[in-house]
Amino acid sequence: MNRRDFFLTGAATGMVLGGAGGYLLKAGQKDGPAGAAKSRQKFNWTMVTTWPEKFPGLGTSAERLAQRITAMSGGELTVKVAAAGTVVPAFGSFDAVSQGSVEMGHAASYYWQGKAKSFNFFAAVPFGLTAQELSAWIHYGGGQALWDEGYANFGLKPFLAGNTGVQMGGWFKNEIKSMEDFKGLKMRMPGLGGEVLRRVGATAESLPGGEIFTALTSGRIDATEWVGPWNDLAFGFHKIAKNYYWPGFHEPGTGIECFVNKAKYEALPAHLQAVVSSACRAEAEAMLGEFNRRNGAALKTLIEQHGVILRRFPDDVVTALGKAAADVLAELEGADDLTKRTYQSFRAFREEAISWSRLSDQGFLDMRHAIMRGKS
Ligand code: CA
C-alpha cells in the first residue's frame, strides 16, 4: 500500500469508524445499552377527535388509546388528545390529519362519506355487519387493504380502534307506526343509514354528537339516533323524546377508527409503527367490552328512573327499510371503482356471515332467550 492508497483507505475507514464510533461513544460506551434507547428520536403527536372531551366510551377510548401508545412506546411516541372543537371542529378532523397539521384522528369513517362512499363500509352499513363480523372482515376478509387504498388517496393510514356494538334505533318525539311517519321526519343519522331515511321521505342530517341535544330541543330535528343507552343517557335525549326504538337497523356494530397521517406514520421506526397498530387493536377490544358492560346498566336507568318507552320498529317498517337499504347499496356498485370493489368484498363476506351467525351467535342467543326469558 503506497502512501496515496493508505491515505484514501484510511480516510474512508476513518469516516466509517468515526461515524460509528461517534454513535457508540455517545450511545453505547457512556451509557451502555439503555443509552441507545435514550438517543432514539422522540415524537410528540396530537390526536384530534370528533367527540366532546372525555365523552363516555368514545372520548374516553381516544384518551386510553393515546395513553396506551405513550406507555407502550416507553415515551418515544407521546400522544395528546384534542377533543372536538379544541384544535379543529369535530368534522374538520379528517382534513387536519390529511394535511398533516396534526398527526392522528379518532372518529367513525362514515363521517367522511362525502370524500368517498367506500368509507361507509368501515364504520356501519344498514343491515350490515356486527362488531365481531366487522373485525373479521377488516382483519381477515380483505377489508383493511380496501380501507388502506381509500385512505391513502388522502395521505392517511387507518386502523380499526373500537366498536360500539349494536346501536339503538333512536329517539323519536312521536311514535313510528308505519312508513307514513317517516315522511317529512327530520332525523339525525349519519352514513348510509341517513341515505336510507332520505329514500323513504325523511330528512337526514349528520350532526356531530355535541350538537344533537340542542338540535333536538330547538326542533331543528324531530328524532335522533346516537349510539346506545350508555352514551344516549349521557347526552340526555330522554328529556326531549321518550320513544326509544330498537334495534339500530342502520348500525349493527359501528367501527371506530384511528387514522394517522401516512407520511408521518411511515417516518416512524418499525417498532413504533407496531406500537400504534397493536394499541389500536387492543383498544378495539377494550371499547367493545366497556360498551357491552355499561349499556345494560344504563338501559335499566333509562326505563326505571326516566320513564323511557322501549319500542320495536313494526315488522312492515323493518321490511320497507330493508328494501330501501338494499337499493342504496345496489347503487354503490355504480359508484367509483374502489367503492364498487369494497361493496363487492363486503357483500360476499356478509353472505357467509349470515349463514354462519344463524347457527352460532343468533342460534345461541335465540336459544338462551327462550330458556331464560320464555318465547316472547
Ligand atoms: Ca349512531
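**Figure 1. Pairing of strand 1 with strand 3 in the predicted model.** In this predicted model, Thr-49 has His-106 of strand 3 as its bridge partner, within a pairing in which strand 1 (residues 43–49) and strand 3 (residues 104–107) run in the parallel sense over 3 bridges. Strand 1 is also joined to strand 2 by 6 bridges, again with the two strands running parallel, and in that pairing Trp-45 has Val-79 of strand 2 as its bridge partner. Strand 1 is mostly covered, with 5 of its 7 residues buried.

**Figure 2. The open sheet of 5 strands and the helices that pack on it.** The strands of this open sheet follow the order 2-1-3-10-4, and their pairing is mixed. Strand 2 (77–82) and strand 4 (156–163) form the edges, each pairing on one side only, and the twist from one strand to the next averages 25 degrees. Helix 3 (residues 59–72) packs on the sheet and touches strand 1, strand 2, strand 3, strand 4 and strand 10 (255–261), while its direction makes about 165 degrees with that of strand 2. Helix 5 (residues 131–140) lies across strand 4 and strand 10, and runs at about 155 degrees to strand 4.

**Figure 3. The open sheet of 6 strands.** A further sheet, also open and with mixed pairing, is formed by 6 strands in the order 7-6-8-5-9-11. Its edge strands are strand 7 and strand 11 (309–312), each of which pairs on one side only. Strand 9 and strand 11 run parallel and are joined by 4 bridges, and here Trp-246 stands opposite Arg-312 in strand 11.

**Figure 4. The calcium ion and its protein donors.** Which residues supply the protein donors of the calcium ion? They are Gln-167 through OE1, Glu-225 through OE (listed twice), Trp-226 through O and Glu-251 through OE, and these atoms lie 2.2 to 2.8 Å from the ion. Along the sequence, the donor residues are spaced Q-x57-E-W-x24-E. Trp-226 lies in the loop between strand 8 (223–224) and helix 9 (229–235), whereas Glu-251 lies in the loop between strand 9 (243–246) and strand 10, so the pair ties together parts that are 25 residues apart in sequence. With the cut-off for burial set at under 20% relative accessible area, Trp-226 counts as buried at 3% relative accessibility, and Glu-251 likewise counts as buried at 1%.

**Figure 5. Helix 7 and its surroundings.** Helix 7 (residues 191–199) has 7 of its 9 residues buried, and is therefore largely enclosed by the rest of the structure. The buried residues of helix 7 are Gly-191, Leu-192, Gly-193, Gly-194, Glu-195, Val-196 and Leu-197. The elements that cover these buried residues include strand 6 (186–188), strand 7 (203–205) and helix 12. Helix 7 is followed by Gly-201, whose phi is positive, near 100 degrees.

**Figure 6. The contact between helix 12 and helix 13.** Two packed helices are described by the angle between their axes and the distance between the axes. For helix 12 (residues 315–332) and helix 13 (residues 337–359), the axes come within 8 Å and cross at roughly 135 degrees, and the two helices are therefore oblique to each other. Helix 12 contributes Leu-329, Ala-330 and Leu-332 to the contact, and helix 13 contributes Thr-339, Lys-340, Tyr-343, Phe-346 and Arg-350. The residues of this contact divide into 5 nonpolar, 1 polar and 2 charged.

**Figure 7. Ala-274 in the setting of the whole chain.** Ala-274 is found in helix 11 (residues 270–306). Is Ala-274 buried or partly exposed? At 37% relative accessibility, Ala-274 counts as partly exposed. Ala-274 and Ile-69 are 205 residues apart in sequence, while their C-alpha atoms are 9.9 Å apart in space. For the chain, among contacts between residues at least 6 apart in sequence, 76% join residues at least 24 apart. The chain contains 14 helices and 11 strands, and 48% of its 376 residues count as buried.

Conventions. Residues numbered from 1 in each chain as written. Predicted model: local features only at pLDDT ≥ 70, side-chain atom pairs only at ≥ 80, totals over all residues. Heavy atoms only, no water. Pairing = 2+ DSSP bridges. Axes fitted to C-alpha atoms, helices over the stretch in contact; angles between N-to-C directions. Contact = heavy atoms within 4.5 Å. Parallel < 35°, antiparallel > 145°, perpendicular 65-115°, else oblique. Nonpolar A, V, L, I, M, F, W, Y, C, P; charged D, E, K, R; others polar. Donors = N, O, S within 2.8 Å, 3.2 Å for Na, K, Ca; no water. Buried < 20%, exposed > 50% of the residue type's maximum accessible area, 1.4 Å probe, protein only.
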